[in-house]
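Visitor: I should like to understand how the terms used for a protein model are justified. Would you take me through them one at a time?

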Number of protein chains: 2
Amino acid sequence: MQAVELKHAYRLLNHGPTVLVGSAHAGRRNVMAAAWAMPLDFDTPKIAVVIDKATLTRELIEASGVLSINVPCVAQRELVVATGTLSGKEHKDKLSRCGVTTHAAPQTGAPLVDGCMAQLECRVLPATVHVAGPHDLILAEVLGAWADERVFSQGRWHFEDAPAELRSLHHVAGGHFYATGEPVA
Amino acid sequence: MQAVELKHAYRLLNHGPTVLVGSAHAGRRNVMAAAWAMPLDFDTPKIAVVIDKATLTRELIEASGVLSINVPCVAQRELVVATGTLSGKEHKDKLSRCGVTTHAAPQTGAPLVDGCMAQLECRVLPATVHVAGPHDLILAEVLGAWADERVFSQGRWHFEDAPAELRSLHHVAGGHFYATGEPVA
């Protein structure tokens, strides 16, 4: 993984991939799949993501004020479905069951998901207080970003130069996805 | 175009396509491309979209309280780039220059973009007042939705059964896109 310039961090999410959201607080850790995430600003980079208030992820984000956004690849499809299905509240061993390993982001300690093509560490923004209650919407500033140089270099995705399992996933419904396709120019 | 059940409307955006935002007020009309849009809720369906406060689109949405979200296809790539580049403020003939035609949505009058694979008419939600100023974020309820039955039927996209020009666009940066790719199951 290579560090991504913060001014290019929005590009990691600009094409609308399904993501994994990492969260941690007081020794608890979780990772869940989320299809509803997008960039919110370029520079300073910010993101928006919808996280249901019934989830452990939401509890951990509210307690810690930080989260990670990770872009999984086609090779991780089963892991994505599993983290989107199993509840971290019900299964204390959710991450090991789902085959997820993480490492702590340098500035926030948020868990970055190993094997993903991109990872962003984020801190929750103040305006979240107005939209988290009514709309489950979390707004956050991106403090650090990394990407797999096989598919992201010089500030751009280059999926067409890499193996097919290194494409993002785009969730349709019920565990069905489309992979990112061919370049259109 | 076929009407889409409101409970399935989120699926039109769930895979993260680049969209066209339609707006109108007092005889003025605009359409602009936006990559930062996502579902916000299932049922009642809601969406979130980032619209810069410097744009005509933002003015028209704030004046009318309504907007449309449209999902263009690969065949419309040039139109998408043009509507994302030309300013509606500077060019009063922007829509004809860009080759865009629209028709008014039944409940809101918001302009739906002809030739798109999906169209949603939306009304701005009250919580927008908290996030439009600081973050250019518009939250809206979906009141009606339509999709091209060649690619969306029984509540699901079926791109793999249609010609390649009927795929969504996913903007990377600078007018470069990926098409939606193959199913991953």
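Visitor: What makes strand β2 and β6(B) of chain B a pair, and in which sense do they pair, parallel or antiparallel?

Guide: Two strands count as a pair if DSSP finds at least two bridges between them. Strand β2 (residues 19–25) of chain B and β6(B) have 3 bridges and pair in the antiparallel sense. One of the bridges sets Val21(B) opposite Ile69(B) in β6(B). The strands are DSSP runs (E, at least two residues), as helices are (H or I, at least four), and both are numbered from the N terminus. Please note that this is a predicted model, in which local features need pLDDT of at least 70, side-chain atom pairs count only at pLDDT 80 or more, and totals for chains, interfaces and linings use all residues. Residues are numbered from 1 along each chain as its sequence is written, while chains are lettered from A and ligands numbered from 1 in the order in which they are written.

Visitor: Which strand is joined to β6(B) by 6 bridges?

Guide: That is strand β9 (residues 118–124) of chain B, which runs antiparallel to β6(B). Within β9(B), Gln119(B) is the bridge partner of Asn70(B).

Visitor: Why is strand β6 of chain B called mostly covered?

Guide: A residue is buried if 20 or more other C-beta atoms lie within 10 Å of its own, exposed if 12 or fewer, and partly exposed in between, with C-beta atoms placed from the backbone. In β6(B), residues 66–71, 6 of the 6 residues are buried. Val66(B), Ser68(B) and Asn70(B) point one way, Leu67(B), Ile69(B) and Val71(B) point the other way, and all are buried.

Visitor: How many residues of strand β3 of chain A are buried?

Guide: In β3(A), residues 28–34, 5 of the 7 residues are buried, and this strand too is described as mostly covered. Strand β2 (residues 19–25) of chain A is joined to β3(A) by 7 bridges, in the antiparallel sense. His25(A) has Arg28(A) as its bridge partner in β3(A). The two strands form a hairpin with 2 residues between them, and Ala26(A) in the turn has a positive phi of about 50°.

Visitor: Which residues touch the most other members of the largest nonpolar core?

Guide: A nonpolar core is a set of buried Ala, Val, Leu, Ile, Met, Phe, Trp, Tyr and Cys residues joined through C-beta atoms within 7 Å. The largest one has 128 residues, and Ala34(A), Ile47(A), Val49(A), Ala34(B), Ile47(B) and Val49(B) touch the most other members. Leaving aside residues up to four places away in sequence, Ala34(A) touches Val19(A), Val21(A), Val49(A), Val50(A) and Ile51(A).

Visitor: How do you know that chains A and B are related by a two-fold axis?

Guide: The copies are superposed by least squares on the C-alpha atoms of residues with pLDDT of at least 70 in both. A rotation of 180° with 0.0 Å of shift along its axis places chain A on chain B, with an RMSD of 0.0 Å. That is the relation of a two-fold axis.

Visitor: Why is it said that the copies meet through the same surface?

Guide: The reason is that 100% of the interface residues of chain A are also interface residues in chain B. Contact requires C-beta atoms, placed from the backbone, within 7 Å. Chain A gives 41 residues to the contact and chain B gives 41 residues. The largest share of chain A's side, 9 residues, comes from β14(A). That strand is joined to strand β14 (residues 176–184) of chain B by 5 bridges, running antiparallel. Here Pro183(A) has Tyr178(B) as its bridge partner.

Visitor: What makes Asp136(A) partly exposed and Gln154(A) exposed?

Guide: Asp136(A) has 18 C-beta neighbours inside 10 Å, and therefore counts as partly exposed. Gln154(A) has 8 such neighbours, and so counts as exposed. Asp136(A) has a positive phi of about 55° although it is not a glycine, and Gln154(A) has one of about 50°, again without being a glycine. Asp136(A) lies in the loop between α4 and β10 of chain A.

Notes
Two residues are in contact if their C-beta atoms, placed from the backbone, lie within 7 Å.
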